[in-house]
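Visitor: I should like a close look at a single part of this protein, with the terms explained along the way. Please begin from the whole and then go to the part.

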Amino acid sequence: MLILEDLYLGDVRPSERSFKRNSQYAKALDDLVKAGDALTDTFTEKQKEMFEEYMTAQREVNVLTDCETFIYSFRLAAKIMIDVLTDGQMREI
């Protein structure tokens, strides 16, 4: 069970993922940054402060959503494995 040891020791961090520079994700992220820069370049200082507060709140919502999605997905995967390993004999968990 090395994965459990890695998880315990903090060597597995599902929230820290890397991506390839030429991937679809990298392009979408680049587009997002460019659009954000173009937008904030038109803001006053007060608007920039308000937008930063908005972005901070949005990041917090994203973290909470990602965490809930991870937990749901992990539980679903565990249920799938139990179903596979018991040949469908454990219907309710």
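Guide: The answer goes from the whole chain to one aromatic cluster and then to the segment after the last helix in the text below.

This is a predicted model, in which local features need pLDDT of at least 70 and side-chain atom pairs count only at pLDDT 80 or more, while totals for chains, interfaces and linings use all residues. Residues are numbered from 1 along each chain as its sequence is written, and side-chain values use heavy atoms, with hydrogens and water left out.

The protein contains 3 helices and 0 strands, in the order α-α-α from the N terminus. Here helices (H or I, at least four residues) and strands (E, at least two) are DSSP runs, numbered from the N terminus. The radius of gyration of the protein is 20 Å, whereas a compact globule of 93 residues would have one near 12 Å; this radius is taken over C-alpha atoms, and the globule rule is 2.2 Å times the number of residues to the power 0.38. Along the principal axes, the C-alpha atoms fill a box of roughly 60 × 30 × 25 Å. Of the 93 residues, 4% are buried. Buried means under 20% relative accessible area, exposed over 50%, and partly exposed in between (1.4 Å probe, protein chains only).

Helix α3 covers residues 45-85. Its 41 residues should span 60 Å at 1.5 Å a residue, and its end C-alpha atoms are 59 Å apart, which agrees. The expected span is 1.5 Å times one less than the number of residues in the helix.

The aromatic rings come next. Rings of Phe, Tyr and Trp (its six-membered ring) pair if their centres lie within 6.5 Å; planes under 30 degrees apart count as stacked, over 60 as edge-to-face and the rest as tilted. By this rule there are 4 aromatic pairs. In one of them, the ring centres of phenylalanine 43 and phenylalanine 51 are 5.5 Å apart and the planes meet at 70°, so the pair is edge-to-face. Phenylalanine 51 also pairs with tyrosine 54, and this pair is stacked, with 6.0 Å from centre to centre and 25° between the planes. Both phenylalanine 51 and tyrosine 54 belong to helix α3, 3 residues apart, which is about one turn of the helix. An α-helix has 3.6 residues a turn, so residues three or four places apart point the same way. Phe43, Phe51 and Tyr54 form one aromatic cluster. Phenylalanine 51 is partly exposed, at 24% relative accessible area, and tyrosine 54 is partly exposed, at 48%.

Aspartate 87 lies in the segment after α3. Its phi is near 55°, a positive value in a residue other than glycine. Most residues other than glycine have a negative phi. Aspartate 87 is exposed, with a relative accessible area of 65%.
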